[in-house]
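Reader: I should like to go through this structure by question and answer. Please reason from the coordinates in each reply.

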Amino acid sequence: MDKEIDLSLYVVTDAGLARGRSHLEVVRAAIAGGVTVVQYREKEATTRQMVEEAWELRELCREAGVPFIVNDRVDVALAVDADGVHVGQNDMPAPLARKLMGTDRILGVSVSTVAEAVGAQADGADYISASPVFSTPTKPDAPQATGVEGLRAIVRAVHRPVVAIGGIKAQNAAQLIRAGAAGVAVISAIVAAEDVEAAARELRAIVKAAQKGD
């Protein structure tokens, strides 16, 4: 696929925050609201369940023309022909993920420091996720928050697009785009919203306006 992807509004699934709705329901509504990338993140399910869910999501995303990324699990990503995989600092090493996924698929890497960002770029990441920008209850084991200045330093240190994630909501998304982020990645701001489509639409409008300098 074309790896020039629009990272403006990147949603990450979370079954525990979805108010009893399926991943498919949430993602369908999020796409209707304008998300530009979908990441399937599932830590509790069996491998079989993950493959079944990821397959449905991949089909939905492909029909909509939205890149579909699998978190961590290279085997699941390959099994469902996902567009890419996203790994963290404690997951499969990025160079190995790249070797297994091949050069045509997307590789995202989470970082929390400039040194990790430079390393991720050297390891072949197509985009880098600065995580977390703000403290977030979604990942209690996450590193210390980078803050806006930390995000800015990461953006300046690499020539790969950087996505900001962690504690992002409508009230603080614009400042992250102004700090140089190519987009914002959110979990609870969309997945836990009462109206997923409306929440996604609001965030997309905020990001678009910030990208235009408004």
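Reader: Leaving aside neighbours within four places in sequence, with which residues is Ala125 in contact?
Author: This is a predicted model, and Ala125 is found in its loop between helix H5 (114–122) and S6. Once the neighbours within four places in sequence are set aside, the contacts of Ala125 are Leu107, Val109, Ala120 and Arg160.

Reader: Is Ala125 buried or exposed?
Author: The cut-off for buried is under 20% relative accessible area. Ala125 has 0% relative accessibility, and therefore Ala125 counts as buried.

Reader: What distance separates the C-alpha atoms of Ala125 and Arg156?
Author: Ala125 and Arg156 are 31 residues apart along the chain. Their C-alpha atoms are separated by 16 Å.

Reader: In what order do the strands of the barrel run?
Author: The barrel is closed, has eight strands and shows parallel pairing. Neighbouring strands of this sheet are turned by 25° against each other on average, direction ignored. Strand S1 (residues 9–12) also pairs with strand S8 (residues 183–186), in the parallel sense and over three bridges. The order is S1-S2-S3-S4-S5-S6-S7-S8.

Reader: Which residue of S8 stands opposite Leu9?
Author: S1 and S8 are joined in the parallel sense by three bridges. Opposite Leu9, the residue in S8 is Val184.

Reader: Which residues of strand S3 are buried on its two faces?
Author: In a regular strand the side chains alternate between the two faces of the sheet. Strand S3 (residues 68–71) is covered on both faces. The buried residues are Phe68 and Val70 on one side, and on the other Ile69 and Asn71.

Reader: Which residue in S3 does Tyr40 stand opposite?
Author: Strand S2 (residues 37–40) and S3 run parallel and are joined by three bridges. Between S2 and S3 the chain passes through helix H2 (residues 47–64), in a right-handed β-α-β crossover. The residue of S3 opposite Tyr40 is Val70.

Reader: Which residue in S4 is the bridge partner of Asn71?
Author: S3 and strand S4 (residues 84–87) run parallel, with three bridges joining them. Val70 of S3 stands opposite Val85 in S4. For Asn71, the bridge partner in S4 is His86.

Reader: Which helix makes a right-handed β-α-β unit with S3 and S4?
Author: The two strands of this unit are parallel and share three bridges. The helix that completes the right-handed unit is H3 (residues 74–79).

Reader: Which residues of S4 are buried on its two faces?
Author: Like any strand with both faces covered, S4 has buried residues on each side. On one side these are Gly84 and His86, and on the other Val85 and Val87.

Reader: Which residue in S5 stands opposite Val87?
Author: S4 and S5 pair in the parallel sense over four bridges. Together with helix H4 (residues 94–101), these strands make a right-handed β-α-β unit. The S5 residue opposite Val87 is Val109, which is also one of the contacts of Ala125.

Reader: Are H1 and H2 roughly parallel or roughly antiparallel to each other?
Author: The axes of helix H1 (residues 23–33) and H2 come within 10 Å and cross at roughly 15°. The crossing is right-handed. Angles under 35 degrees count as roughly parallel, so H1 and H2 are roughly parallel.

Reader: Which residues in H2 meet those of H1?
Author: From H1, the residues involved are His23, Leu24, Val27, Arg28 and Ile31. Their counterparts in H2 are Glu53, Glu56, Leu57, Leu60, Cys61 and Ala64.

Reader: At what angle does helix H6 run to S7?
Author: Helix H6 (residues 147–157) lies across strand S5 (106–111), strand S6 (127–130) and strand S7 (162–165). The angle between H6 and S7 is about 165°.

Reader: Which residues does the cis peptide bond join?
Author: The bond has an omega of about -15°. One partner lies in the loop between S6 and H6, namely Pro132. The joined residues are Ser131 and Pro132.

Reader: Is Arg19 buried or exposed?
Author: Arg19 lies in the loop between S1 and H1 and has a positive phi of about 60° although it is not a glycine. The cut-off for exposed is over 50%. At 54% relative accessibility, Arg19 is therefore exposed.

Conventions
Residues numbered from 1 in each chain as written. Predicted model: local features only at pLDDT ≥ 70, side-chain atom pairs only at ≥ 80, totals over all residues. Heavy atoms only, no water. Buried < 20%, exposed > 50% of the residue type's maximum accessible area, 1.4 Å probe, protein only. Pairing = 2+ DSSP bridges. Right-handed = clockwise from strand over helix to strand, strands pointing away. Axes fitted to C-alpha atoms, helices over the stretch in contact; angles between N-to-C directions. Contact = heavy atoms within 4.5 Å. Parallel < 35°, antiparallel > 145°, perpendicular 65-115°, else oblique. Left-handed = near helix turned anticlockwise from the far one by under 90°.
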